[in-house]
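Student: I would like a close look at the enclosed and open spaces in this model, and at the parts of the chain around them. Please take me through them in one connected account.

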Amino acid sequence: MGILYDDVVIIRQSEKEEEPSVITVNCPDKTGLGCDLCRIILFFGLVVVRVDVSTDGKWCYLVFWVVGRPTTRWGLLKKRLVEACPSCSSASGILFYRTELQPPKPPDVFLLKLCCHDRRGLLHDVTEVLCELELVIKKVKVSTTPDGKVMDLFFITDTRALLQTEKRQQDTYDHLKAVLVDSMINCDIEIVGPEVTACSQGPSFLPHEITDGMFNVEMLDELQSGFLAPDNVSITMDNLLSPAHTLVQIVCQDHKGLLYDVMRTLKDYNIQISYGRFTAKRKTECELDLFIMQADGKKIVDPNKQSALRSRLWMELCRPLRVALVSRGPDTELLVANPVELSGNGRPLVFHDITLALKMLNTGIFSAEIGRHMIGDREWEVYRILLDDGDGFSVPKNKVEEAVWKMLMGWE
């Protein structure tokens, strides 16, 4: 007995604005599926208020209660969620599980070269258009010339896999032109080869202020100060309640992408969720119960493994991203970093939220770069943005850091 293709993902939109819509996913299971689905939901800007997860290890059933926006593209969301589910083969309209024989081919990388007259908020407007078109920014190089022009170099991939076509490129140009109007001087899109895409890996050197100040939080006792107070996060693990699973109970302050951060951590540890429930009790608090097991189908009984998982979850819930504002002589640089999944995926919409926060502060951007770096035993995506101090830095530095942090955490 299988399941009809249209029933793999079912979305029931709410009839009342204050009520959540319901997304149901019914498909073959795989380790990390919850992470992949939560990443898509985060990319579409939905707020998750409740989740139920159930699986027997072969087939899973997930229900998400989400709050959308007037601009939410529900049809496209369903398509992306279906694509994330394990492949199935059809026979007489019925789907059956089919194991993946080989990993998917990496997407082609394109270079978008954009020359514009500079203005406040320009970089965010471009970034927002690319996000709406499902063009994923892998790396960006932005520089401002003395005569007030900006050269933006975006290394991007196309979720729709159509950017090699003239129609898709023209559509991208038209969307950018509609937003930038007379600010745009010229725009060019071309596919780039491996020798160019290798540039997307940032240089090995990072100033010690970044590595020491932003990433030295591995020990739990360092998390128990300031805004990382332990009262905000409670993580308990129990092996007595279930004969086959370890129960992980989490109570913490809610933030944008919280489910993704938890699921990403479990995916990287190759841990499977057999049953789970997430509930947002209030706007600022949520509870998460997860019955989990290792890849070998056993509980997590090793105290060292429990401690390592608890520590990593604690860190991801307290500081899912790193944000710092540092002085570079007379200049001010904004630094943001987020961990990359072992699969190679980075957190979605980070650059979008950074540029939006700066636009709302009316703070200019002189240059910007995105690079990936190995720091310790993890790969990080590091955003380095040199702020425009040309007219004097009118916004206090702590206000900039706070505004960016709140935007990234969904607390704006």
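**Cavities, pocket and their surroundings**

Tutor: In this predicted model, the count of cavities of 30 Å³ or more comes to three. The largest cavity holds about 170 Å³ of space, and its lining is made up of 17 residues, of which Lys30, Gly32, Leu33, Gly34 and Ile273 lie nearest its centre. Several elements contribute to this lining, with H1, S3, S4, H8 and strand S13 (272–282) each supplying at least two residues. Sorted by class, the lining of the largest cavity has nine nonpolar, five polar and three charged residues.

The second largest cavity holds about 50 Å³ of space, and the residues that line it are Leu42, Lys256, Arg347, Pro348, Leu349, Val350, Asp353 and Leu408. By class this lining has five nonpolar and three charged residues, with no polar ones. One of these lining residues, Arg347, also belongs to a network of salt bridges in which it is linked with Asp261, Arg264, Glu316 and Arg378.

Turning from cavities to open spaces, the second largest pocket has a volume of about 1,300 Å³. Two or more residues of its lining come from each of helix H1 (33–43), strand S3 (47–55), strand S4 (59–67), H3, helix H8 (258–268), helix H10 (350–360) and H11. The lining has 47 residues, and those nearest the centre of the pocket are Phe44, Gly45, Leu46, Val47 and Arg69. H1 gives the largest share of this lining, namely four residues, and H1 is also one of the elements that supply at least two residues to the lining of the largest cavity. By class, the lining of the second largest pocket divides into 23 nonpolar, eleven polar and 13 charged residues.

Two of the elements named for that pocket, H3 and H11, can be followed further through salt bridges, of which the count over the model comes to 22. Glu134 forms one of them with Arg80, and the closest N and O atoms of this pair are 2.6 Å apart. Because Glu134 lies in the loop between helix H3 (122–132) and S8 while Arg80 lies in helix H2 (residues 74–84), the pair ties together parts that are 54 residues apart in sequence. Glu134 and Arg80 are both buried. A second salt bridge joins the side chains of Asp125 and Arg119, at 2.9 Å from N to O; here Asp125 is buried, with a relative accessible area of 9%, whereas Arg119 is partly exposed, with a relative accessible area of 29%. In helix H11 (residues 397–409), Glu402 and Lys406 lie four residues apart, which is about one turn of the helix, and their side chains meet in a salt bridge of 3.0 Å, N to O. Both ends of this pair are partly exposed, since the relative accessible area is 34% for Glu402 and 33% for Lys406.

The loop that holds Glu134 leads on to S8, and this strand (residues 135–144) pairs with strand S9 (residues 149–158) in the antiparallel sense over nine bridges. Within this pairing, Lys141 has Leu153 of S9 as its bridge partner. Four residues stand between the strands of the hairpin, and Gly148 takes a positive phi near 85° there. S8 also pairs in the antiparallel sense with strand S17 (residues 365–375), over two bridges, and Val142 stands opposite Ala368 of S17.

Another strand residue to consider is Val22, which has its place in strand S2 (residues 21–28). Val22 counts as buried because its relative accessibility, 8%, is under the 20% cut-off. Beyond its neighbours within four places in sequence, Val22 is in contact with Ile10, Ile11, Arg12, Val63, Phe64 and Trp65. Of these contacts, Ile11 is eleven residues from Val22 along the chain, and the C-alpha atoms of the two are separated by 5.8 Å.

These parts belong to a chain whose secondary structure comes to eleven helices and 18 strands. Of its 412 residues, 49% count as buried. Among contacts in the chain between residues at least 6 apart in sequence, 70% join residues at least 24 apart.

Terms used
Residues numbered from 1 in each chain as written. Predicted model: local features only at pLDDT ≥ 70, side-chain atom pairs only at ≥ 80, totals over all residues. Heavy atoms only, no water. Pairing = 2+ DSSP bridges. Salt bridge = Lys/Arg side-chain N within 4 Å of Asp/Glu carboxyl O. Buried < 20%, exposed > 50% of the residue type's maximum accessible area, 1.4 Å probe, protein only. 1 Å grid on protein atoms, 1.4 Å probe; cavity = no way out; pocket = protein on both sides within 12 Å on 5 of 7 lines; lining within 4 Å. Points joined across faces, edges and corners; volume = space filled by probe spheres on them. Nonpolar A, V, L, I, M, F, W, Y, C, P; charged D, E, K, R; others polar. Contact = heavy atoms within 4.5 Å.
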